[in-house]
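Biologist: I have a few beginner's questions about how you choose your words for a protein model. Could we look at one together?
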Amino acid sequence: MEETYPVSGGPAKGNDIPPVSYLKWYIPRLKEMREHNLSFSGLQFPWELGSFDDVWKDHRGPGVEDRAMVSEMYGIPVENIHLTHGATQALGIAIASASRGGKVAVEMPSYGPQSQTARILGLETVTVRRIPTRKEWIIDREKWSEVLSEVDLLMICPQLNPVGWTYTEEDREWLVGFCKENDVRIISDEVYSGADRNWKPFFAEGDNCISISSLTKVHGLGQIRYGWMIASEEIIANAENTFHNMAGIMATPVIRVAERIKDRLHEPVDLIEYYREKNLPLLEQALERLGIEWTPPPYGVFGAFRIPGVDTMQMIDTIGKEHGLLAVPGCMFDSGLDEWLRVGWSIDPDSFSKAVKVLESVIITAMDIT
Ligand SMILES: Cc1ncc(COP(=O)(O)O)c(C=O)c1O
């Protein structure tokens with residue numbers, strides 16, 4: 001069977017471009033509109049934004065600064081920001097503008113574009129992995145030092161998808177220090193980090209660090225494709241050139257819709273905390289009854305656990321489908337995660353409680369527990 005997880009390797013063009021198997025698998029299943037949906041990695045926020053007159057009409061004019069919203073969010077000058085259509089596009093723009101042509105280390109498990117885009121841009125990638133523990137997944141410093149010594153760029157996603165845990169403080173400090181000493185630039189995909197009110201973005205660690213994010217996950221607005229990257233002025237100048245070449249200019253409707261929510265950015269973060277308080281205990285109790293060990297990550301709306309002896313992709317595509325359940329198998333993110341399942345809790349408590357009951361009975365059947 002073809003791999004379902006992102007793959008590293010040399011530059012890839014045409015037929016060699018690796019698929020994002022996660023999206024190929026997920027989008028058709030999402031369209032089935034299964035009744036019990038625990039697959040979301042982002043918040044389902046009930047935005048009601050009303051209608052927009054002439055939403056397509058050019059928003060540009062004297063004194064209009066597209067980057068003002070992100071500048072206020074982070075308290076940084078606009079010169080350190082470049083807007084993009086979603087974080088996915090920002091990944092490519094950031095790689096092109098920060099690379100100096102060397103190999104790229106990519107952290108696994110990962111969302112495909114985070115670890116594969118460098119290959120499409122003509123660069124070779126090598127893998128580094130975080131190792132599972134009962135809480136934070138940790139850096140194997142010996143292996144990472146070996147790999148980081150032969151690259152000039154590193155792609156990371158601090159709130160690791162699919163498990164939702166970030167680095168231990170010691171690992172983060174070690175990583176930043178090692179990369180500075182060895183002249184490695186870091187591109188940090190922080191689409192999930194806004195759920196942590198105390199999050200310190202990687203760009204604040206130094207000029208070799210770039211942060212990427214978007215309104216997709218924490219703010220539940222993936223539909224409008226509003227993303228950004230934050231970096232030194234030098235790298236942002238490269239990003240502008242890259243963006244002009246590869247994307248042109250930002251779409252006006254995207255900016256107009258974002259403008260309408262700019263004073264409400266705190267509401268989704270509050271809702272995430274409410275969902276955690278209401279929903280998480282139900283999931284923890286169900287997993288405890290099943291004898292599955294799990295500690296939820298301290299922030300965000302998803303986590304992942306191992307169901308011993310169960311191929312979770314098969315489980316979701318057979319018994320799961322029969323029961324109208326959707327959750328994401330770990331095999332979409334890395335090899336060796338076939339028994340892992342990612343579950344999200346970003347839906348209303350009533351729907352969540354019904355879905356968790358169904359999840360429990362699906363797992364019981366899959367584990368053949370009587
Ligand atoms: C780590 C990561 N980055 C980015 C994205 C997508 O972000 P956007 O919709 O802003 O392109 C995802 C989506 O699953 C993701 O997991």
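Biologist: Why is Phe-178 called buried?

Modeller: This is a predicted model, so every value here is computed from it. A residue counts as buried when its relative accessible area is under 20%. Phe-178 has 14% relative accessibility, so it is buried.

Biologist: Where does Phe-178 sit, and which residues does it touch beyond its sequence neighbours?

Modeller: Phe-178 belongs to helix 6, which covers residues 169-181. If we set aside neighbours within four places in sequence, Phe-178 is in contact with Ser-145, Leu-148 and Ser-149. A contact here requires heavy atoms within 4.5 Å. In the other direction along the chain, Glu-190 is twelve residues from Phe-178, and their C-alpha atoms are 20 Å apart.

Biologist: What about Cys-179: buried or exposed?

Modeller: Buried, because its relative accessibility is 0%, and the limit is under 20%.

Biologist: How do you know that Cys-179 and Cys-209 are not bonded to each other?

Modeller: A disulfide needs two cysteine sulfur atoms within 2.5 Å. The closest cysteine sulfur to that of Cys-179 is in Cys-209, at 7.3 Å, so the pair is too far apart for a bond. Cys-209 is in no disulfide either, with the sulfur of Cys-179 as its nearest at 7.3 Å. The structure as a whole holds zero disulfides.

Biologist: And why is Cys-209 called buried?

Modeller: Its relative accessibility is 1%, so Cys-209 counts as buried.

Biologist: Now the whole protein. What makes its radius of gyration agree with that of a compact globule?

Modeller: For 370 residues, a compact globule would have a radius of gyration near 21 Å, and this protein has 20 Å, so the value agrees. Along the principal axes, the C-alpha atoms fill a box of roughly 65 × 55 × 40 Å.

Biologist: How many helices and strands does the protein have, and what share of its residues is buried?

Modeller: There are eleven helices and 13 strands. Buried residues account for 56% of the 370.

Biologist: What share of the contacts links residues 24 or more positions apart?

Modeller: Among contacts with a separation of 6 or more, 75% are between residues 24 or more positions apart.

Biologist: And what does the protein show on its outside?

Modeller: About 16400 Å² is exposed, with carbon and sulfur atoms supplying 50% of that area. As for charges, there are 36 positive and 54 negative ones, and their mean positions lie 3 Å apart.

How values were computed
Residues numbered from 1 in each chain as written. Predicted model: local features only at pLDDT ≥ 70, side-chain atom pairs only at ≥ 80, totals over all residues. Heavy atoms only, no water. Helix = DSSP H or I, 4+ residues; strand = E, 2+ residues; numbered from the N terminus. Rg over C-alpha atoms; globule rule 2.2 N^0.38 Å. Buried < 20%, exposed > 50% of the residue type's maximum accessible area, 1.4 Å probe, protein only. Areas by Shrake-Rupley, 256 points an atom, 1.4 Å probe, with all protein chains shown as cover. Lys, Arg positive; Asp, Glu negative; His and termini not counted. Charge placed at Lys NZ, Arg CZ, Asp CG, Glu CD.
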